[in-house]
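Biologist: I am new to reading protein models, and I would like to learn how to go from a picture to careful statements. Could you take me through one example?

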Amino acid sequence: MKTYTIAAAAALALVLAGPAQAQAPIVLKFSHVVAPDTPKGKGAVKFQELGEKYTNGNVKIEIYPNSSLYKDKEELEALQLGAVQMLAPSNSKFGPIGIKEFEVFDLPFVLPDKAALRRVTDGPLGARLLKLLEPQGMVGLAYWDNGFKLMSANKPLREVADFKGLKFRIQSSKVLEMQMRSLGVIPQVMAFSEVYQALQTGVVDGQENTPSNMYTQKMHEVQKFTTLSDHGYIGYVVVVNKKFWDGLPADVRAGLEKAMAEATKYSNEISEKENAEALADMKKSGKTEFITLTDAQKAAWKQAMSPVFKDAEARVGKALIDEFEKAIKPTTN
Ligand code: LMR
């Protein structure tokens, strides 16, 4: 009798609820500022494919490339507000929301190669830096690579004196501002999506960026000279809105974590090749003349920029700079 009553009540509840409905998927918006055909753009698509697969279609991942939703600073604010769930801003862009420590990656000539970078990002310092994001309402999931930067302008940049008085677009990093001032350049913070036009119209004279970013934004078409300087690095922190992330069912979050781990591996594996190809394509186009520095010229650039390490102490802290420089060195047994 009792069993019958429970079964009947359950049946009645089903009737009242109406026909079973498929649950709407959770929507994850991933906004970024670069072209799809870049290491970050491709990494985002890989995460989309794997994330939807590993969550069995319970999460719909929408990608908005090329600043189609938000520009640089706006996108971080939108993430904090929850208007978008995931971003991958460069290390240089966290300052305006009060996290200046990531600017340590902007120190000039600090990273000799990707292996040195990995020793930071895969080690305890990398993990500690990610923790700084949480009080700001975001969770840092991974470090994604872009690559080493070139300098471009409408005049050849060989000697330090060649920079004097030029206006350069920079990302919103005080350490990059110090770097440009050390060369006698007037830095101007500007959103990535505005750089091409600013170069074309002469609002700024030059800029620094990676080959893949320069090529996909066509910057090489409006800069007569590009110096192969490798003086700095651009990489990203993949961040997700903390409330969104913590509120996901555990199995869904696990699926997205697995997707992120694989997409990170993929994006970091292709980054070097993507940049090498972009550089080759720009060379082939003949639109900008490439300059290779002599050892003496490169040493002079390095020397001119060296005061940035001291100046940056007031911004990111001496202890952090020391720890960063220690972490990049291979451990010797
Ligand atoms: C820039 O603003 O130059 C870069 O941070 C763009 C990007 O996301 O690579």
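Modeller: We will look at the ligand and its surroundings, then at some single residues, and we should keep in mind that this is a predicted model.

Biologist: Which residues surround the ligand?

Modeller: A residue is listed here if one of its heavy atoms lies within 4 Å of the ligand. In this structure the ligand is surrounded by V33, V34, K40, D72, S90, K93, R169, Q171, F192, N209, N213 and Y236. Sorted by class, this shell has 4 nonpolar, 4 polar and 4 charged residues.

Biologist: Which polar side-chain atoms lie at short range from the ligand's oxygen atoms, and what are the distances for K40, Q171 and Y236?

Modeller: A polar contact is a pair of N or O atoms within 3.5 Å. For K40, a polar side-chain atom lies 2.7 Å from an oxygen atom of the ligand. For Q171, an N or O atom of the side chain is 2.6 Å from a ligand oxygen, and for Y236 the corresponding distance is 2.4 Å. Taken alone, the ligand exposes 270 Å², and the protein buries 100% of that area.

Biologist: Where does the ligand sit?

Modeller: The ligand sits in the largest cavity.

Biologist: Is S92 buried or exposed, and where is its place in the chain?

Modeller: Buried means under 20% relative accessible area. S92 counts as buried because its relative accessible area is 1%, and its place is in the loop between β3 (86-87) and α4 (114-121). The side chain of S92 is also joined to that of Q171 by a polar contact of 3.3 Å, and Q171 is one of the residues that surround the ligand.

Biologist: What can I say about L150 in the same careful way?

Modeller: L150 lies in strand β5, which covers residues 150-153, and L150 is buried because its relative accessible area is 2%. L150 and F290 are 140 residues apart along the chain, and their C-alpha atoms are separated by 9.8 Å.

Biologist: Which value of phi does K218 have, and which does D230 have?

Modeller: Phi of K218 is near 60°, a positive value in a residue other than glycine, and phi of D230, also a residue other than glycine, is positive and near 45°. K218 lies in the loop between α8 (211-216) and β9 (225-227), while D230 lies in the loop between β9 and β10 (233-241). K218 is partly exposed, with a relative accessible area of 43%, and D230 is partly exposed, with 41%.

Conventions:
Residues are numbered from 1 along each chain as its sequence is written. This is a predicted model: local features need pLDDT of at least 70, side-chain atom pairs count only at pLDDT 80 or more; totals for chains, interfaces and linings use all residues. Side-chain values use heavy atoms; hydrogens and water are left out. A polar contact is a pair of N or O atoms within 3.5 Å; within protein, one must be able to donate a hydrogen and the other to accept it, and residues adjacent in sequence count only if both atoms are side-chain atoms. Accessible areas come from the Shrake-Rupley method with a 1.4 Å probe; for residues, only the protein chains shown count as cover. On a 1 Å grid over the protein atoms alone, a cavity is a set of points where a 1.4 Å probe fits but cannot get out, and a pocket is an open set with protein on both sides within 12 Å along at least five of seven lines; lining residues have an atom within 4 Å of a point. A molecule sits in a cavity or pocket if more than half of its atoms lie within 2 Å of its grid points. Ala, Val, Leu, Ile, Met, Phe, Trp, Tyr, Cys and Pro count as nonpolar, Asp, Glu, Lys and Arg as charged, and the others, Gly among them, as polar. Helices (H or I, at least four residues) and strands (E, at least two) are DSSP runs, numbered from the N terminus. Buried means under 20% relative accessible area, exposed over 50%, partly exposed in between (1.4 Å probe, protein chains only).
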